[in-house]
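Let's walk through this structure together, one region at a time. Keep the model open beside the text and follow along as we go.

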Amino acid sequence: MEYKISSGGFTAAVNTRGAELTSFSDGKSEYIWTGDPAFWSGHNPNLFPVIGRMKNGEVAFGGVKHEMSKHGFARGAEFCLTEISPDSVSLSLGANEDTKKAFPFDFVLTITHKVFPGGFSTKYSVKNTDEKPLVFTVGGHTGINLPALGARSVDGCALIFDSEENATVWYGDENLFVRDDFVRTDVLRGTDRIDLNYPLFDGDALIIGNMRSHSVRLAAPSGRAVEMDFSGFPVLGVWTPPGKKAPFICLEPWHGLPAMTFESGEFSEKPYVITAAPGEEKSLGYSLRIL
(Lines give C-alpha, C1' and ligand atoms only; values in the text may rest on other atoms or scores of the structure.)
Protein backbone atom coordinates (compact mmCIF):
# COMPACT_ATOMS: atom_id res chain seq x y z
CA MET A 1 0.00 0.00 0.00
CA GLU A 2 1.15 3.54 -0.73
CA TYR A 3 0.65 6.71 1.28
CA LYS A 4 1.08 10.28 0.01
CA ILE A 5 2.32 13.12 2.21
CA SER A 6 3.03 16.70 1.19
CA SER A 7 4.11 20.17 2.30
CA GLY A 8 4.89 23.45 0.52
CA GLY A 9 4.26 22.12 -2.98
CA PHE A 10 6.37 18.98 -2.47
CA THR A 11 4.84 15.49 -2.36
CA ALA A 12 6.31 12.14 -1.31
CA ALA A 13 5.04 8.60 -1.81
CA VAL A 14 5.78 6.02 0.89
CA ASN A 15 5.22 2.30 0.35
CA THR A 16 4.39 -0.05 3.21
CA ARG A 17 6.77 -2.59 1.64
CA GLY A 18 10.07 -1.74 3.26
CA ALA A 19 8.63 1.56 4.56
CA GLU A 20 10.36 3.00 1.51
CA LEU A 21 9.97 6.60 0.36
CA THR A 22 9.81 5.89 -3.36
CA SER A 23 9.06 9.37 -4.71
CA PHE A 24 9.76 12.99 -3.84
CA SER A 25 8.55 15.56 -6.34
CA ASP A 26 7.72 19.23 -6.72
CA GLY A 27 5.26 18.41 -9.53
CA LYS A 28 7.88 19.14 -12.19
CA SER A 29 10.88 17.03 -11.24
CA GLU A 30 11.21 13.61 -9.56
CA TYR A 31 14.19 13.69 -7.20
CA ILE A 32 14.19 10.01 -6.15
CA TRP A 33 15.53 7.43 -8.60
CA THR A 34 12.67 5.98 -10.63
CA GLY A 35 13.66 2.30 -10.25
CA ASP A 36 14.36 1.54 -13.91
CA PRO A 37 15.44 -2.14 -13.70
CA ALA A 38 17.86 -1.65 -16.60
CA PHE A 39 20.06 0.09 -14.04
CA TRP A 40 18.68 -0.63 -10.53
CA SER A 41 15.13 -1.50 -9.49
CA GLY A 42 15.43 0.19 -6.10
CA HIS A 43 14.53 3.73 -5.11
CA ASN A 44 15.46 4.47 -1.51
CA PRO A 45 15.54 1.25 0.58
CA ASN A 46 15.97 1.13 4.34
CA LEU A 47 18.77 -1.10 5.62
CA PHE A 48 18.24 -3.11 8.84
CA PRO A 49 19.55 -4.98 10.80
CA VAL A 50 22.70 -5.20 8.66
CA ILE A 51 24.45 -2.99 6.13
CA GLY A 52 25.62 -4.58 2.90
CA ARG A 53 26.67 -8.16 2.39
CA MET A 54 27.72 -10.54 5.18
CA LYS A 55 30.37 -13.25 4.72
CA ASN A 56 28.82 -16.35 3.13
CA GLY A 57 25.45 -14.66 3.64
CA GLU A 58 25.72 -15.40 7.36
CA VAL A 59 26.13 -13.46 10.58
CA ALA A 60 26.79 -14.81 14.09
CA PHE A 61 24.98 -13.70 17.24
CA GLY A 62 26.58 -15.15 20.36
CA GLY A 63 28.47 -17.65 18.22
CA VAL A 64 25.32 -18.98 16.52
CA LYS A 65 25.24 -18.38 12.75
CA HIS A 66 22.11 -17.15 10.97
CA GLU A 67 21.47 -16.62 7.27
CA MET A 68 21.19 -12.92 6.46
CA SER A 69 20.31 -11.32 3.14
CA LYS A 70 22.23 -8.35 1.76
CA HIS A 71 21.19 -5.13 3.56
CA GLY A 72 18.92 -7.15 5.85
CA PHE A 73 15.26 -8.10 5.74
CA ALA A 74 13.54 -4.77 6.47
CA ARG A 75 13.67 -3.52 2.87
CA GLY A 76 11.49 -6.44 1.72
CA ALA A 77 9.17 -6.63 4.74
CA GLU A 78 5.61 -5.37 4.97
CA PHE A 79 5.30 -2.59 7.56
CA CYS A 80 2.17 -1.49 9.42
CA LEU A 81 0.88 2.07 9.60
CA THR A 82 1.24 3.53 13.08
CA GLU A 83 0.63 7.24 12.48
CA ILE A 84 -0.13 9.57 9.58
CA SER A 85 -0.65 13.31 9.10
CA PRO A 86 -0.74 15.50 5.98
CA ASP A 87 3.07 15.87 6.00
CA SER A 88 4.36 12.72 7.75
CA VAL A 89 3.86 8.98 8.03
CA SER A 90 5.22 6.41 10.49
CA LEU A 91 5.39 2.70 9.70
CA SER A 92 6.50 -0.10 12.01
CA LEU A 93 7.87 -3.64 11.78
CA GLY A 94 7.96 -5.97 14.77
CA ALA A 95 9.75 -9.27 15.29
CA ASN A 96 8.02 -12.36 13.92
CA GLU A 97 8.85 -15.97 13.05
CA ASP A 98 10.50 -14.96 9.78
CA THR A 99 12.67 -12.19 11.24
CA LYS A 100 13.82 -14.43 14.10
CA LYS A 101 15.26 -16.97 11.66
CA ALA A 102 17.82 -14.33 10.69
CA PHE A 103 17.81 -12.05 13.72
CA PRO A 104 17.08 -13.74 17.08
CA PHE A 105 15.70 -10.69 18.90
CA ASP A 106 12.40 -9.09 19.79
CA PHE A 107 12.28 -5.52 18.50
CA VAL A 108 10.09 -2.83 16.96
CA LEU A 109 11.54 -0.79 14.07
CA THR A 110 9.61 2.42 13.31
CA ILE A 111 10.47 4.50 10.25
CA THR A 112 9.05 8.02 9.99
CA HIS A 113 9.16 10.09 6.82
CA LYS A 114 8.30 13.79 7.01
CA VAL A 115 8.02 16.26 4.12
CA PHE A 116 8.85 19.95 4.57
CA PRO A 117 9.02 22.73 1.96
CA GLY A 118 11.98 21.77 -0.23
CA GLY A 119 12.90 18.48 1.38
CA PHE A 120 12.17 15.44 3.52
CA SER A 121 13.53 13.69 6.60
CA THR A 122 13.72 10.01 7.53
CA LYS A 123 13.95 8.85 11.14
CA TYR A 124 14.75 5.35 12.37
CA SER A 125 13.63 4.31 15.87
CA VAL A 126 14.50 0.84 17.15
CA LYS A 127 13.03 -0.36 20.44
CA ASN A 128 14.39 -3.40 22.23
CA THR A 129 11.39 -5.42 23.41
CA ASP A 130 13.61 -8.38 24.30
CA GLU A 131 15.02 -9.44 27.68
CA LYS A 132 18.60 -9.35 26.37
CA PRO A 133 20.67 -6.57 24.75
CA LEU A 134 19.76 -5.88 21.11
CA VAL A 135 22.56 -5.31 18.58
CA PHE A 136 21.89 -3.90 15.13
CA THR A 137 23.01 -1.56 12.38
CA VAL A 138 20.78 0.70 10.30
CA GLY A 139 21.01 3.03 7.34
CA GLY A 140 19.59 4.58 4.20
CA HIS A 141 20.23 4.11 0.48
CA THR A 142 18.75 7.21 -1.18
CA GLY A 143 18.89 7.17 -4.98
CA ILE A 144 19.12 10.71 -6.42
CA ASN A 145 17.62 11.04 -9.90
CA LEU A 146 20.22 13.12 -11.78
CA PRO A 147 17.85 14.43 -14.50
CA ALA A 148 16.04 16.33 -11.73
CA LEU A 149 19.30 18.28 -11.31
CA GLY A 150 19.66 18.88 -15.04
CA ALA A 151 22.24 16.09 -15.46
CA ARG A 152 22.09 12.70 -17.16
CA SER A 153 25.49 11.49 -16.06
CA VAL A 154 27.58 11.24 -12.90
CA ASP A 155 30.45 12.71 -14.91
CA GLY A 156 30.87 16.38 -14.07
CA CYS A 157 28.90 16.20 -10.82
CA ALA A 158 30.61 16.75 -7.48
CA LEU A 159 30.16 15.90 -3.82
CA ILE A 160 31.00 18.88 -1.60
CA PHE A 161 31.32 18.25 2.14
CA ASP A 162 30.82 20.86 4.84
CA SER A 163 34.43 20.51 6.06
CA GLU A 164 37.84 19.82 4.61
CA GLU A 165 38.43 16.10 5.09
CA ASN A 166 41.13 13.55 5.72
CA ALA A 167 38.56 10.78 5.73
CA THR A 168 39.02 7.03 5.49
CA VAL A 169 37.71 5.80 2.13
CA TRP A 170 37.70 2.03 1.94
CA TYR A 171 38.13 -0.21 -1.07
CA GLY A 172 35.82 -3.14 -1.64
CA ASP A 173 37.16 -6.53 -2.68
CA GLU A 174 35.74 -8.86 -5.34
CA ASN A 175 33.04 -10.04 -2.90
CA LEU A 176 32.02 -6.44 -2.08
CA PHE A 177 33.51 -6.78 1.41
CA VAL A 178 35.25 -3.78 2.98
CA ARG A 179 38.95 -4.16 2.29
CA ASP A 180 40.06 -3.09 5.75
CA ASP A 181 43.77 -3.39 4.97
CA PHE A 182 43.59 -0.78 2.19
CA VAL A 183 42.13 2.71 1.95
CA ARG A 184 41.96 5.09 -0.99
CA THR A 185 44.47 7.89 -0.54
CA ASP A 186 43.32 9.75 -3.68
CA VAL A 187 39.88 10.67 -2.34
CA LEU A 188 38.95 13.20 0.39
CA ARG A 189 42.48 13.93 1.55
CA GLY A 190 42.97 17.62 2.31
CA THR A 191 39.84 18.64 0.42
CA ASP A 192 36.09 18.99 0.89
CA ARG A 193 35.30 17.74 -2.62
CA ILE A 194 35.01 14.60 -4.73
CA ASP A 195 34.72 15.22 -8.47
CA LEU A 196 32.61 12.33 -9.66
CA ASN A 197 33.11 10.07 -12.64
CA TYR A 198 32.02 6.52 -13.42
CA PRO A 199 35.48 4.86 -13.07
CA LEU A 200 35.44 5.88 -9.37
CA PHE A 201 32.82 3.16 -8.88
CA ASP A 202 34.50 0.32 -10.78
CA GLY A 203 35.08 -1.34 -7.40
CA ASP A 204 31.48 -0.68 -6.32
CA ALA A 205 30.62 1.80 -3.53
CA LEU A 206 32.89 4.39 -1.98
CA ILE A 207 32.65 3.80 1.78
CA ILE A 208 33.64 6.92 3.72
CA GLY A 209 34.31 6.99 7.45
CA ASN A 210 36.13 9.09 10.05
CA MET A 211 34.63 12.30 8.67
CA ARG A 212 34.52 15.77 10.18
CA SER A 213 31.52 16.65 8.05
CA HIS A 214 27.86 16.22 8.94
CA SER A 215 26.43 17.12 5.53
CA VAL A 216 27.23 16.76 1.85
CA ARG A 217 26.00 18.54 -1.25
CA LEU A 218 25.54 16.77 -4.58
CA ALA A 219 26.08 19.47 -7.20
CA ALA A 220 25.42 19.10 -10.94
CA PRO A 221 27.13 21.10 -13.71
CA SER A 222 23.82 22.95 -14.17
CA GLY A 223 24.31 24.56 -10.76
CA ARG A 224 21.39 22.64 -9.27
CA ALA A 225 22.06 20.61 -6.14
CA VAL A 226 20.66 18.62 -3.23
CA GLU A 227 22.10 18.49 0.27
CA MET A 228 21.98 15.59 2.71
CA ASP A 229 22.42 16.11 6.45
CA PHE A 230 23.64 12.80 7.88
CA SER A 231 24.45 13.97 11.42
CA GLY A 232 24.64 10.98 13.74
CA PHE A 233 25.73 8.54 11.03
CA PRO A 234 29.48 7.74 11.15
CA VAL A 235 29.68 6.34 7.59
CA LEU A 236 28.51 7.56 4.19
CA GLY A 237 28.24 5.16 1.27
CA VAL A 238 28.25 6.62 -2.26
CA TRP A 239 27.19 4.32 -5.09
CA THR A 240 26.16 3.99 -8.67
CA PRO A 241 26.19 0.52 -10.31
CA PRO A 242 29.58 -0.31 -11.85
CA GLY A 243 29.75 -0.40 -15.62
CA LYS A 244 26.18 0.81 -16.27
CA LYS A 245 26.67 4.58 -16.56
CA ALA A 246 23.39 5.01 -14.72
CA PRO A 247 21.73 8.46 -14.45
CA PHE A 248 21.56 8.35 -10.66
CA ILE A 249 23.77 8.23 -7.61
CA CYS A 250 22.98 6.97 -4.13
CA LEU A 251 23.88 8.82 -0.94
CA GLU A 252 23.78 6.28 1.89
CA PRO A 253 24.03 7.30 5.56
CA TRP A 254 25.10 4.22 7.52
CA HIS A 255 25.49 3.34 11.17
CA GLY A 256 27.33 0.14 10.35
CA LEU A 257 29.48 -1.50 7.69
CA PRO A 258 29.30 -4.46 5.32
CA ALA A 259 31.47 -7.48 6.09
CA MET A 260 35.10 -6.52 6.54
CA THR A 261 37.69 -8.74 4.93
CA PHE A 262 39.32 -9.86 8.17
CA GLU A 263 36.42 -9.73 10.63
CA SER A 264 35.45 -12.68 12.82
CA GLY A 265 31.81 -12.79 11.69
CA GLU A 266 30.51 -12.17 15.22
CA PHE A 267 28.06 -9.31 14.77
CA SER A 268 28.66 -7.59 18.11
CA GLU A 269 32.35 -7.11 17.14
CA LYS A 270 31.59 -5.19 13.93
CA PRO A 271 32.38 -1.47 13.77
CA TYR A 272 29.53 0.96 14.51
CA VAL A 273 27.14 -1.66 15.91
CA ILE A 274 24.39 -0.07 18.03
CA THR A 275 23.44 -1.76 21.31
CA ALA A 276 20.08 -1.15 23.00
CA ALA A 277 19.40 -2.42 26.53
CA PRO A 278 16.12 -4.22 27.26
CA GLY A 279 13.30 -1.67 27.00
CA GLU A 280 15.59 0.97 25.47
CA GLU A 281 14.82 2.80 22.20
CA LYS A 282 17.51 4.22 19.90
CA SER A 283 16.74 6.84 17.24
CA LEU A 284 18.65 8.61 14.48
CA GLY A 285 17.82 10.11 11.11
CA TYR A 286 18.85 12.11 8.06
CA SER A 287 17.34 14.73 5.78
CA LEU A 288 17.55 15.72 2.13
CA ARG A 289 16.75 19.16 0.81
CA ILE A 290 16.68 20.73 -2.64
CA LEU A 291 18.99 23.74 -3.03
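C250 is buried, with 0% relative accessible area in this predicted model. Could its sulfur have a partner? The closest cysteine sulfur belongs to C157 and lies 14 Å away, so the two are too far apart for a bond. A disulfide would need the two sulfur atoms within 2.5 Å. C157 is likewise buried, at 2% relative accessibility. Searching the whole structure turns up zero disulfides.

C250 also leads us to the nonpolar interior. The largest nonpolar core has 77 residues, and the members that touch the most others are F24, F48, F103, I194, L196 and L218. Apart from this core lies another one, of 16 residues, and C250 is among them, along with L47, W170 and L257.

F48 is a good place to look at the larger core from the inside. Leaving out residues up to four places away in sequence, F48 touches H71, G72, F73 and A74, and also F103, F107, L109 and V126. Its list of contacts is completed by F136, T137 and V138.

Let's follow that last group to T137, which sits in the loop between β11 (134–136) and β12 (138–140). Is this loop residue buried or exposed? T137 has a relative accessible area of 1%, so it counts as buried. Its side chain has polar company from the backbone: a polar atom of the T137 side chain lies 2.9 Å from the backbone oxygen of P49. The same side chain reaches the backbone nitrogen of I51 at 3.5 Å. Beyond its neighbours within four places in sequence, T137 is in contact with L47, F48, P49, V50 and I51. From much later numbers in the chain come H255, G256, F267, Y272 and V273, which T137 also contacts.

V138 is found in strand β12. V138 is buried too, with a relative accessible area of 1%. Setting aside neighbours within four places in sequence, the contacts of V138 include L47, F48, I51, Y124 and F233. P253, W254, H255, I274 and L284 are also in contact with V138. To get a sense of scale, compare the position of V138 with P242: they are 104 residues apart along the chain, and their C-alpha atoms are separated by 24 Å.

Now turn to strand β21 (residues 235–239). Five of its five residues are buried, so this strand is largely enclosed by the rest of the structure. In a regular strand, side chains alternate between the two faces of the sheet. In β21, V235, G237 and W239 point one way while L236 and V238 point the other way, and all are buried. β21 runs antiparallel to β18 (residues 206–209), to which four bridges join it. One place to see this pairing is G209, whose bridge partner in β21 is V235. β21 is also joined by five bridges to β22 (residues 248–255), again antiparallel. Here V238 has L251 of β22 as its bridge partner.

Next, go back to the start of the chain, where an open sheet of three strands has the order β1-β2-β3, with antiparallel pairing. β1 (2–7) and β3 stand at the edges with a single partner strand each, so one side of each has no neighbour in the sheet. From one strand to the next, the twist averages 20 degrees.

How does the edge strand β3 (residues 20–25) sit in the rest of the structure: enclosed or not? Six of its six residues are buried, so β3 is largely enclosed by the rest of the structure. Five bridges join β3 to β2 (residues 10–15), and the two run antiparallel. Along this pairing, A13 stands opposite S23 in β3, and N15 stands opposite E20. The hairpin of these two strands has four residues between them, and G18 takes a positive phi near 75 degrees.

Our last stop is G94, in strand β8 (residues 88–94). At 30% relative accessibility, G94 counts as partly exposed. Not counting residues up to four places away in sequence, G94 touches T99, F107 and V108. F107 should look familiar, as F48 touches it too. Finally, G94 and S268 are 174 residues apart along the chain, with 21 Å between their C-alpha atoms.

How values were computed
Residues numbered from 1 in each chain as written. Predicted model: local features only at pLDDT ≥ 70, side-chain atom pairs only at ≥ 80, totals over all residues. Heavy atoms only, no water. Buried < 20%, exposed > 50% of the residue type's maximum accessible area, 1.4 Å probe, protein only. Pairing = 2+ DSSP bridges. Contact = heavy atoms within 4.5 Å. Axes fitted to C-alpha atoms, helices over the stretch in contact; angles between N-to-C directions. Polar contact = N/O pair within 3.5 Å; in protein donor to acceptor, adjacent residues only side chain to side chain. Core = buried A, V, L, I, M, F, W, Y, C linked by side-chain atoms within 4.5 Å.
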